[in-house]
Amino acid sequence: AVKIDENTGKLIGNAIDKDLNEYEEHPVSHVKFDGFQIPCFDEAKKMVLEASLRSDKILVVGWDVAVSDKGPVIIEGNRRPGFDLVQVLSGGKMDIINDVLKCVNEK
């Protein structure tokens, strides 16, 4: 996982895995994470926002998205997103998770 600027689609800082190993670059492709621009970011963001409105019974989804040569595609939606990594990336803060839980509890 790596932080992302929600407005620009640029990655921020290093990546971290579930074992808390930190990576400056992808271990296979050697692409540096910090500053990397996600291709088709606006299109991908629009796609998952539209998909999230398909059902009012599903309150939280973690979307797996790939970028193909034809643009972004949804691989799957997970009913249990990786909140553990979100919390680690935010320095242990619970604000993102608390915001999600607040929205869920309002439903």
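This is a short tour of a predicted model, moving from the whole chain to a few residues in one loop.

Begin with the whole chain in cartoon view, where 3 helices and 6 strands can be picked out, and follow them from the N terminus in the order β-β-β-β-α-β-β-α-α. If you then switch to a surface, the accessible area of the chain comes to about 8100 Å², and carbon and sulfur atoms contribute 53% of that area. Of the 107 residues, 15% count as buried. Should you display contacts, those between residues 24 or more positions apart make up 39% of the contacts in the chain that have a separation of 6 or more.

Next, select the loop that runs between β4 (22-23) and α1 (41-52), and pick out Glu24 within this loop. Adding Glu22, Glu25 and Asp34 to Glu24 brings up a negative surface patch, which these four residues form.

Stay in the loop between β4 and α1 and centre on His30, which is placed there. The phi of His30 is near 65°, a positive value in a residue that is not glycine. Most residues other than glycine have a negative phi. Is His30 buried, partly exposed or exposed? With a relative accessibility of 48%, His30 counts as partly exposed, because the exposed class begins only over 50%.

Finally, move to Cys40, which also lies in the loop between β4 and α1. Cys40 is another non-glycine residue with a positive phi, here about 55°, and with a relative accessible area of 33% Cys40 is partly exposed.

Technical notes
Residues numbered from 1 in each chain as written. Predicted model: local features only at pLDDT ≥ 70, side-chain atom pairs only at ≥ 80, totals over all residues. Heavy atoms only, no water. Patch = residues over 30% accessible without salt bridge, like charges linked within 9 Å, V, L, I, M, F, W, Y side chains within 5 Å. Areas by Shrake-Rupley, 256 points an atom, 1.4 Å probe, with all protein chains shown as cover. Salt bridge = Lys/Arg side-chain N within 4 Å of Asp/Glu carboxyl O. Lys, Arg positive; Asp, Glu negative; His and termini not counted. Charge placed at Lys NZ, Arg CZ, Asp CG, Glu CD. Helix = DSSP H or I, 4+ residues; strand = E, 2+ residues; numbered from the N terminus. Buried < 20%, exposed > 50% of the residue type's maximum accessible area, 1.4 Å probe, protein only. Contact = heavy atoms within 4.5 Å.
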